[in-house]
Amino acid sequence: MSSPGPMPNCDLLVIGAGPAGLAAATCAAELGLDTVLIDEQPAPGGQIYRAIGSTPVQDRAILGADYWHGLDLLEPFRRCSTRYIAGAMVWAVNRLEDGKFEVAYTTTADHQAHLLLARHVTLATGAQERPFPIPGWTLPGVITAGAAQILLKTSGVVPEGTTVLAGGGPLLYLLAWQYLNAGVKIHSILQTTPPGQWRHALPHAWGFLRSPYLGKGMKLLSAVRAAVPIVTGVTAIEALPGPGTGQLAELRYSAGGKTRTLAVDQLLLHQGVVPNTNLSRAIGADHAWSDRQDCWEPAVDAFGATSLPQLTIAGDGAGIVGAVAAEHRGRLAALHAAASLGHIDSKARDRAAAPHRAALARAARGREFFETLYRAAPALRRPVGDTIVCRCEEVTAEQVRQAARMGCQGPNQMKAFLRCGMGPCQGRFCGLTVTELIADEQGRHPRDVGYYRIRFPIKPVTLGEIATLPQTDESRSAVVRFKK
Amino acid sequence: MFRRLDASDGAPAPRTVRITVDGAALDCRDGDSVAAALFAAGITACRDTAVSGVKRGPFCMMGVCYDCLVGIDGRANQQACMTKVREGMAVQRQIGAREVPI
Amino acid sequence: MATPTHSIHDVAVIGGGLVGSAIAYGLRDRVQKIAVLDEGDVALRASRGNFGLIWLQSKGYGMGEYSRWTFHSVRQWPRFAAQLQDETGIDVALEQKGGLTPLMGDYETEARLAWMQRLTAQPAVEPYEWKLLDHRQAADLVPGLGKDVTAAIWTPHDGIVNPLKLLRALHTTFHRGGVSYLPHHGVEKIEQIAGVFHLTTPQGTIRAQKIVLAAGLRNQALSEQVNLLLPMAPQRGQIIVLERTRRLLETPMITLRQNDEGSWLVGDSQEDAGYADHVVTLPVLATLADRAVRTLPALKEVRAVRAWSALRVKARDGFPVYEQSATHPGAFVATCHSGVTLAATHALTLAPMIAAGALSAELAPFSTRRFHVQTT
């Protein structure tokens, strides 16, 4: 049932149509590479520029100029020669003996599996929100701030009633600002970043003062502060269901030694973003723990080259740097791909790279300040008790901690004991928490504890779809072993 | 609860799409994901989990949490946030583990 | 942690997988100070990569004693599971309702039938009930069985257990006392000094009166240090795991089963791929999926949530190895690739032999002497 004829192939496959992917694909096409861009969303933009081509929120003052900058990426992309496959979910990237990548993806509209060959792959799969495991975070009525922002961008859907935002980080305040612009009432913001943290951030303030974020950031923050009550120094939050409803009804939080309870309709959680590493791990690239960002990052050089040949990573997937930096990283990755494939020599690559490196440096200015200022509080990364850690398999913090106390060596043994990480999200919402809880209980550093082993498929795919892929004589004889 | 922002001046009028949710008709907008349509209609819980039967609903809206699972046109465990509404689509809440359709 | 690690243990079991853990569990009644030395989180951990079958019908072709030993374990399983539940509260979800080998077409059927007849005709085999079923009879046991499955071999003695719960239950008994579980204690060197074994690990030296080498794929290198030549050949197997569904399948098949939690396992391949257990390969996944869809077509729409590969712990001829070293008395080796099926007998029969200091004569065929025949 595989498609007849030679397998489709290309020079460069870019996975992800956010700013890094769009910029990489556009630049690569301009350099003359036969390029394919594949993305699981139906339209380009990734998450930060989600629905940039179709948002019903056309009043530009609501989402703000930074969002609408996405059009500056979209238009050149649409004009370039890159083949664009939308609504397609990549679930395996296998290296063949000749060094090419065999990529399996499913088009979600018709549930068909396809294969594509690529000589070079650039991952631009971006980031996801850091898990924020508070008691009750699995209740309907609790969603991430990113989810709320997607509802706004894609459908103009906004919360009403009593809405509380909780956590910290630029996205939380950006959302609050966008809501204010749209006339959405926000009850309060519960800020969980520890109050003294600005002191740690101060040494990095020079970079921040010179950064493009300073002016915009200050304006945005003061607008939000003026309109929304902000509770600082929040040390604990609990989402509570109504009696018998199984859905969010109340919120309890502690700040300044006092505990308050209030009736609430929506709780929007956010404590930063972390790179999506499932695909980069499954392909086998090296990763390292970032102490500054409390998360795993793939090991990449200045061009985004990984520990594996012909594999680059661009954008937030290589380490959180934000949307503007992401596009410059995308262009650098495209230049590196072109040089690796022999289209341009390394001198030409370095010459062309110079302006993008300078732009990247400017865009990244001030990040250290933000990272330090908004570092997620340890207590909210390392839950206790009945708080759910693995949402898919409903494994609690105490179960993980107890297994760690019993000597469980690491996340993979933990997975085998408790099933955490075995659900359809494949550890995306529990992996970091499990690593940190083992570290906490055993007095080890997260970098020594390690992470789940990730293998293909990196997103669930039906058995029928897998069955349509090509088999070989070898694979048949490895599986069917009856012989007379 | 969620509501839709009023259409901006000059924005083209959105096309209405009618789907059913557990058999009940629901009007939503062309371009909505199933998850967005559910939120706009006041539905935040779309399934009971296979593990313990507690209620869950869409959480991340970007296809990574797998909490927004619903039945769509007879296929179980589809991500509501990754599926666009289509005229006549039949959405079912996913109650517990799916069946194997023998 | 029970015994301080600086003292001399009565027994140190090298390997905290299913084989080592079952043996350590079984030693507790007869031995005081037991240590289980385990490696880290990403070692070659075969115990996490298995199908969870308690399987008789495919065992012992070429060594009838293996079939006999397996049958022995199958009959001990209910007692073993009940003991674990009593002690830990963990239900390992044992189901022994029979099992099938599905066959597609005449060639497979004739080949497998002849094979089973030869296997069960071997003198050392203890006879057991098994039958060739036609499609209709097999379909009574497997709702929705695909029409491509034209026949099946069935025996009432086959079954399944939840292997992860089993390992967790065994480790829980350690924690309750008597057994020191020591992770990150991979053994690098074994020496016997004045009758006491000294095991060098990255965390220091562990001493014991007796040792059991149950280190799976590392047993070959470790056994050399006690003069047991154990030729091993890693064999990779890939498995696809499907999402949880409502319980449908009560009769497991050797290539497809549903576990107590509702998820499905699709297997399995046998490949020579060295030690590459960190990859899955698309053509093999395609063949596994294709075969599974032909076995139970309704699974077409069910999603694979993960795939993994693992290395089978196999001696060169595929049969278990049990032996006490002649030059290092007190050092026992235990290697097999059916750590799940044999867990009961490892705990209830093998462990007492080790405690008593000698393996019984019935285990003689499993010694490494069988590999030396060619060299004389």
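This is a short tour of a predicted model, going from one selection to the next in your viewer.

**Stop 1: chain C and its domains**

Start by selecting chain C and colouring it in three parts. Domain 1 is pieced together from 8–49, 164–230 and 318–371, while domain 2 covers 99–156 and domain 3 covers 235–312. How far apart are the C-alpha centres of domain 1 and domain 2 of chain C? They lie 35 Å apart.

**Stop 2: strand β11 inside chain C**

Now pick out β11 of chain C, residues 204–213. A quick reminder before you look at its neighbours: strands in a sheet are held together by backbone hydrogen bonds, and they can run parallel or antiparallel.

Add strand β1(C), residues 8–14, and you'll see the parallel kind: six bridges connect β1(C) with β11(C). To find one of the matched pairs, click Ile8(C), whose bridge partner in β11(C) is Arg207(C).

Next, show β10(C), residues 196–201, which runs antiparallel to β11(C) and is joined to β11(C) by five bridges. Follow the chain from one strand to the other: β10(C) and β11(C) make a hairpin, with two residues between them. For a matched pair here, look at Thr200(C), which sits opposite Thr205(C) of β11(C).

One more strand to add is β17(C), residues 331–335, which is parallel to β11(C) and linked to β11(C) through three bridges. Here Val212(C) has Phe332(C) in β17(C) as its bridge partner.

While you have strands on screen, try turning on the side chains. In a regular strand they alternate between the two faces of the sheet.

**Stop 3: where chain C meets chain A**

Bring chain A into view. Contacts link 63 residues of chain C with 47 residues of chain A. Together the two chains bury about 4,700 Å², and 60% of that is on carbon and sulfur atoms.

How many salt bridges are counted between chain C and chain A? There are four. To see a salt bridge for yourself, select Arg419(A) and Glu261(C), where the closest N and O atoms are 2.9 Å apart. There are also 20 residue pairs in polar contact between chain C and chain A, counting pairs with both residues at pLDDT 80 or more.

Which elements of chain C should you highlight on this side? Those giving at least two residues each are β4 (99–103), α3 (106–121), α5 (163–175), β12 (235–242), α7 (282–295) and β15 (303–312). Helix α7(C) gives the most, with 12 residues. By type, the side of chain C that touches chain A splits into 29 nonpolar, 14 polar and 20 charged residues.

**Stop 4: a sheet shared by two chains**

Keep both chains on screen and select β23 of chain A, residues 461–462. This strand runs antiparallel to β15(C), and two bridges join them. Zoom in on Thr462(A) and you'll find its bridge partner in β15(C), Arg303(C).

Now widen the selection. An open sheet of five strands appears, in the order β23(A)-β15(C)-β12(C)-β14(C)-β13(C), with antiparallel pairing. Which strands are at the edges? β23 of chain A and β13 (256–258) of chain C, each of which pairs on one side only.

At the chain C edge, β13(C) is joined by three bridges to β14(C), residues 264–266, and the two run antiparallel. Gln258(C) and its partner in β14(C), Trp264(C), make a good pair to click on.

**Stop 5: where chain B meets chain A**

Hide chain C and show chain B. In this interface, 35 residues of chain B are in contact with 48 residues of chain A. The buried area is about 3,600 Å², with 59% coming from carbon and sulfur atoms.

Two salt bridges turn up across this interface. Select Asp67(B) and Arg391(A) to find a salt bridge at 2.6 Å, N to O. The count of residue pairs in polar contact is 13, again with both at pLDDT 80 or more. On chain B, the elements that give two or more residues to this side are β1 (2–4), α1 (34–40), β5 (55–56) and β7 (75–79). The chain B side divides into 20 nonpolar, seven polar and eight charged residues.

Finish on β1(B). Strand β9 of chain A, residues 157–159, pairs with β1(B) in the antiparallel sense over three bridges. Your last click is Val157(A), whose bridge partner in β1(B) is Arg4(B).

Conventions:
Residues are numbered from 1 along each chain as its sequence is written. Chains are lettered from A and ligands numbered from 1 in the order in which they are written. This is a predicted model: local features need pLDDT of at least 70, side-chain atom pairs count only at pLDDT 80 or more; totals for chains, interfaces and linings use all residues. Side-chain values use heavy atoms; hydrogens and water are left out. Domain bounds come from an automatic or database domain assignment. Contact means heavy atoms within 4.5 Å. Buried area is the accessible area (1.4 Å probe) that two parts lose on being put together, summed over both. A salt bridge is a side-chain nitrogen of Lys or Arg within 4 Å of a carboxyl oxygen of Asp or Glu. A polar contact is a pair of N or O atoms within 3.5 Å; within protein, one must be able to donate a hydrogen and the other to accept it, and residues adjacent in sequence count only if both atoms are side-chain atoms. Helices (H or I, at least four residues) and strands (E, at least two) are DSSP runs, numbered from the N terminus. Ala, Val, Leu, Ile, Met, Phe, Trp, Tyr, Cys and Pro count as nonpolar, Asp, Glu, Lys and Arg as charged, and the others, Gly among them, as polar. Two strands pair if DSSP finds at least two bridges between them.
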